[in-house]
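Here is a walk through one model, going from single residues out to the whole fold. Keep the viewer open while you read.

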Amino acid sequence: MSDHDARRSFATSALAAGGLLGGFAVARRSHNRQLGGAVLAAVGVACTAQWQKSSGSARAGALLGTYLVAFGASHPLAKKIGAWPAVGTVAAVTAVTSMVVTR
């Protein structure tokens, strides 16, 4: 992997984590879950396009699945550890997974 590819992989991984964190923050701050979902969806589309370009359709699909499962998993996890810790945890797992899969 070239330096440029590594930076792009890191940037996309950070964007995916930011989409989960940002979607939650927007929903919480605005009291509008749909607006938070729109942020989550827009970032998911952007990440998937980049994952497809860098790693192919199969890996992009797997990473999109990871992103969506992370979103879903944050809800029951929040009941155990709190909302922000749950979102932070799934965001970190998503970012690490993206880094590993796109290498």
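Let's start with Arg28, which has a relative accessibility of 44% and so counts as partly exposed. This is a predicted model, by the way. Arg28 sits in helix α1. If you measure back along the chain to Ala17, you cover eleven residues in sequence and 17 Å in space, C-alpha to C-alpha.

Ala11 belongs to helix α1 too. Its relative accessible area is 43%, so Ala11 is partly exposed. Try the pair Ala11 and Phe71: they are 60 residues apart in sequence, and their C-alpha atoms are 19 Å apart in space. For contrast, look at Ser54 and Pro76, which are 22 residues apart along the chain but have C-alpha atoms separated by 32 Å.

Now for the loop between α1 and α2, where you'll find His31. What is odd about the phi of His31, given that it is not a glycine? The angle is positive, at about 60°. As background, most residues other than glycine have a negative phi. The His31 side of things is also open to solvent in the accessibility sense: with a relative accessible area of 73%, above the 50% cut-off, His31 is exposed.

Next in line is Asn32, which caps the N-terminal end of α2. The cap is made by a side-chain oxygen of Asn32, placed 3.0 Å from the backbone nitrogen of Gln34. Beyond the other end of α2 comes Gly56, and here phi is again positive, near 95°.

What about α2 itself? Its buried residues are Gly36, Leu40, Val43, Gly44, Cys47, Thr48, Gln50, Trp51 and Ser55. Several of these sit three or four places apart, and there is a simple background to that spacing. An α-helix has 3.6 residues a turn, so residues three or four places apart point the same way. Helix α4 has its own buried set: Ala86, Val87, Val90, Ala91, Thr94, Ala95, Ser98 and Met99.

Both of these helices can be checked for length against the rise of 1.5 Å a residue.

| Helix | Residues | Expected span | End-to-end C-alpha distance |
|---|---|---|---|
| α2 | 23 residues | 33 Å | 31 Å |
| α4 | 19 residues | 27 Å | 27 Å |

The distance agrees with the expected span for α2, and it agrees for α4 as well.

Back at the end of α2, a few serines are worth a click. Ser54 lies in helix α2 and is partly exposed, with a relative accessible area of 45%. The side chains of Ser54 and Ser55 are joined by a polar contact of 3.3 Å. Ser57 lies in helix α3. At 52% relative accessibility, Ser57 counts as exposed, because the cut-off is over 50%. The side chain of Ser57 makes a polar contact of 3.2 Å with that of Gln52.

On to the largest pocket. How big is the volume of the largest pocket? It comes to about 350 Å³. The lining holds 17 residues, and those nearest the centre are Phe24, Ala27, Phe71, Ser74 and His75. So which helices supply the lining of this pocket? Helices α1 (3–30), α2 (33–55), α3 (57–81) and α4 (83–101) each put in at least two residues. The biggest share comes from α1, which gives five residues. By residue type, the lining of the largest pocket splits into ten nonpolar, five polar and two charged.

Finally, zoom out to the whole protein. The secondary structure amounts to four helices and zero strands, and the pattern read along the sequence is α-α-α-α. Of the 103 residues, 31% count as buried. Taken along the principal axes, the C-alpha atoms fill a box of roughly 40 × 25 × 20 Å. Is the radius of gyration of the protein above, below or in line with that of a compact globule with 103 residues? A globule of that kind would come out near 13 Å, and the protein has 13 Å, which agrees.

Note on methods
Residues numbered from 1 in each chain as written. Predicted model: local features only at pLDDT ≥ 70, side-chain atom pairs only at ≥ 80, totals over all residues. Heavy atoms only, no water. 1 Å grid on protein atoms, 1.4 Å probe; cavity = no way out; pocket = protein on both sides within 12 Å on 5 of 7 lines; lining within 4 Å. Points joined across faces, edges and corners; volume = space filled by probe spheres on them. Nonpolar A, V, L, I, M, F, W, Y, C, P; charged D, E, K, R; others polar. Expected span 1.5 Å × (residues − 1). Buried < 20%, exposed > 50% of the residue type's maximum accessible area, 1.4 Å probe, protein only. Polar contact = N/O pair within 3.5 Å; in protein donor to acceptor, adjacent residues only side chain to side chain. Rg over C-alpha atoms; globule rule 2.2 N^0.38 Å.
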